[in-house]
Each structure stands twice: as structure tokens, then as C-alpha cells.
Amino acid sequence: MTAALLIDFGSTYTKLRAIDLDRRRVLGSGQGPSTVTSDIMVGMKAALADLERRLGGLPRFKYRLASSSAAGGLRMVTVGLVRELTAEAARRAALGAGARLVGAFAYRLTHADVDDIVALAPDILLLAGGTDGGNSEVLLANAAALGLSKLACPVVVAGNRNAADEAVALLAKSAVTVCANVMPEFNVLDVEPARAAIRRVFIERIVHAKGIDRAQAELDQVLMPTPAAVLEGARLLADGWSGASGLGPLLVVDPGGATTDVHSIADGNPSVAGVIPQGLPEPRVKRTVEGDLGMRHNAATIVESVGLEGIAADANLAAETVAQLLGKITRDVEHLPQSSDEIALDQALVCAAVRQAVTRHCGTVSTVHTASGPVTVQQGKDLSALDIVIGTGGALVHSRDPGAVLRRTLASADDPLSLRPRNPRLMLDRQYLLYACGLLGSVEPQVALELGLAHLEPIDNEIRHERSRIA
């Protein structure tokens, strides 16, 4: 038997998946508490012991690959020229690389901006600005300001190529990586080189800075941040590999304790003739992170956005009970639901978080009146014709009704301008394999594809059939 060990150094737990590469199946799983701030090996050894206990012994692993979101994840700050253009392109590149975006700045940096950036203590700063051959003044001014500051992190320069060499000189105190411009021409995105550069810096520098390399005796390599591994797994399942078909365009929703992430692999072009796309072009591979929709850290915000009465009705609880339980979560974000009331509230929270996160990820249509008459314009991605929605993460896997949660991703009559999926197949990543497929895909893409496809669990087929009949 040929086996692989796929590791996720998470913020709470270190999670392991042991894979039989020959038979494309999961041998077992293990987990231990993450303790990156002291000694990462405590969690790693606990997870290995858990896995060994479940398997009755550990096989010899051909691959031992890891991703990490521990120690705060990959904290990034982006700086661009125009907020809606190069600054937005830089933001998308950072999120697509699996980063946790802690700050986004545009235009010429002020002294206060620079102080704020230093205080944010990012792991990497992405500096963009200007199209190739266009404005270089602001990018160079920002490089100079950052070069004179106490900024103590690597910098990726992904702006006007004509200004790159001078920007590197101005940032002489920092470790600088130069890559292609995130917006080489007006309204043209090229974020993949920046994503690749960010991941390269993560592997070469950040893994050591966060102490993750202390576990190097137990693994071969930390390849990428965990959100990037999930995104790569989704891309592989959508696109297939070397003649083997994937699932086609899809959306992945991952509600967690601190954020709710949404990934889509789809071009997002208008599905209806005559609709005009507007705004910055959307990347085919897109990740959004909703930092105000974490199931634990932002439970009060979720309730506030929906309304206490709405959450109470969804949970079938009295409003007073919801308020009491919400206070308990606020006081102890690590507390997991135990009682029937807590479980009911958790279900209502995840439903609300998923609905809002997917709504923000998807585009909208609106009518604009012009001299030639009214026209329909689209902002963002049209995912209405998408055929697959996948749920992953503990909040969904442990939900009493994951189908009810995933149905909140669907288009609804009460929000007719939203371009959410209308009639997709709903599937559950019950064994939390998307990150593992993303890691394994770097060395055995065919195996990773077959593994992922074999372990997705279809749900709600009867609901899909009913919606198709009604449509």
C-alpha cells in the first residue's frame, strides 16, 4: 500500500488525513490541539497518536504534506493606487493566495496610514499601483514611505513594471519579491503571478517565522495556507485533470468560528442575453472571506444583521433564550454547543452566516436608464446557473441538517436581484478532504481528483428534483 499523510495546522486543532493512494480512500483521521505559540509538535504528536490509535499503527507515508492557518493565518496588507482598481486587484490576489487580509490601503499613503500598517504587523505586504507604463509616482512614493518605516515583513511588488526596479531599491530594508502586475492594463486582471509569489514567500519565510518548521521531522513540506489548499482542491474538482472530467463550475461554502469563506470556480459571465457586465472583471477562481460572519467570534453580529426575532424564529426558541445563549457565546467563544437549545441556535447562526456570505460573494443585476433606454447591468459574478454547491468545515459537517444550511445558498424570491445559484446539486465534504485534495494535487493530481469525487456526499436530491419541476 502506498500512503500519504495530509496535515492541516489549524488555529484550534492540528488535523490529519491518512490516504491510501492505491485505492483512493481515506485510511483514517486524527487531530490534536494546535499550540503554535509554544511548541507546534505538541499538537502534531497528539494528532499522530490519535491517528495511530484509530489505525492500530501508522503506515509508511510516501508523502507528508501540510497546510497551515495557525498562529493567526497568513496576515496580509495590500496597498494599491485606486481603491476600485489596482487596490481591489491586489485584495483579490491576496485572498486567492489564502491570506487573511488585515488591512487594505489605496492612493498615496499618509504618515497615519504607514503607522497603521506597521501596527497591523502583517506577515506579507502586497504593493501594487498603476498599469504597466502608467502612473508610477504613487507606487514609488508608497515604496519610499514603507522603506523608511519600521515595517518588518516581506514585500511583494505587483504594480507598474516600469517602476518595479526603483521600488525594490526604495524597499532595501525588506525582503522584496517582484512579480507581474496585478492589473497590467486598465480593467485587465492578472492575479495568478501575485498569488504564486505570495505562496512562495509563505513557504520560504513565513513557515519558519511562525515556528511551523519545528515539525519538519514529521513532514516533507508546508505547501500553502489552508484556505489556499481548499481553493486548489475546489479548482481540481471543478476542472478535472489531464482528460479526466471534473464537476464543472462550482461554489464552496466554509463557515467557521472566526470567518465564513466562500470559493467559486466559474467565469461568472451573464447567463441571460443582453445583460451588460460592469465594474472590474471577476476572477474565475475567486475566494471571499467574511470576517464579520464567524460562528463564534461574530455571533452577535450575525444576530444583529438578521434580527433577534428572526434568529429566534429560525431556531424555534424564545427571543429571551437566544439572548441568554448569545451572551454565553460572547463570554466564551471556544464553547461548543451541548444542549438542544444551543444546537438549535448554532443551526440558525450557520444558516444566517451562509446566506449572507454567499449573497456577498455572488453578483447582482440592476436596471440603468441610459439615453438609449433602460439596460440591465451586472455587478460581480453570475452564479445563477451553477450546477454544484459544496459545503465543508466543522459547522456544516456537525450540523443536524446540512441540507437546510446549504439551501440558504440558493436564489430566493425575496432577493430577486441576487445572482445566487438557482438549482444546483448540493454536496457535503463530510470527511473534510478539500484541503487534502489541494495538497495532494501538487504531487498526485489524478489521485487527488478521484479521491475528492469519490468522497463527496450528495444531499437534498429530492429538493433539487422538486425545484426543477417547479421551474
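User: Before turning to particular residues, what does "buried" mean here?

Analyst: A residue counts as buried when its relative accessible area is under 20%. In this predicted model, both Tyr432 and Tyr435 are buried.

User: How is a pair of aromatic rings described, and how many such pairs does a search of the whole structure find?

Analyst: In general, the distance of the centres and the angle of the planes are what describe a pair of aromatic rings. Searching the whole structure gives 1 aromatic pair. The ring centres of Tyr432 and Tyr435 are 4.9 Å apart and their planes lie at 35°, so this pair is tilted.

User: How should I read an empty space, and what is the volume of the second largest pocket?

Analyst: Where empty space is left is shown by rolling a probe the size of a water molecule over the atoms. For the second largest pocket, the volume comes to about 280 Å³. The pocket is lined by 20 residues, and those closest to its centre are Glu88, Arg91, Arg92, Glu282 and Lys286. Sorted by class, the lining holds 10 charged, 7 polar and 3 nonpolar residues.

User: Which helices and strand each supply at least two residues of that lining?

Analyst: They are helix H2 (86-96), strand E14 (285-290) and helix H11, with H2 giving the largest share, 5 residues.

User: Is H11 largely enclosed or open, and why?

Analyst: Helix H11 (residues 340-361) has 22 residues and reaches 32 Å from its first C-alpha to its last, close to the 32 Å expected at 1.5 Å a residue. Of its 22 residues 16 are buried, so H11 is largely enclosed by the rest of the structure.

Key. Residues numbered from 1 in each chain as written. Predicted model: local features only at pLDDT ≥ 70, side-chain atom pairs only at ≥ 80, totals over all residues. Heavy atoms only, no water. Phe/Tyr/Trp six-rings, centres within 6.5 Å; stacked < 30°, edge-to-face > 60°. Buried < 20%, exposed > 50% of the residue type's maximum accessible area, 1.4 Å probe, protein only. Helix = DSSP H or I, 4+ residues; strand = E, 2+ residues; numbered from the N terminus. Expected span 1.5 Å × (residues − 1). 1 Å grid on protein atoms, 1.4 Å probe; cavity = no way out; pocket = protein on both sides within 12 Å on 5 of 7 lines; lining within 4 Å. Points joined across faces, edges and corners; volume = space filled by probe spheres on them. Nonpolar A, V, L, I, M, F, W, Y, C, P; charged D, E, K, R; others polar.
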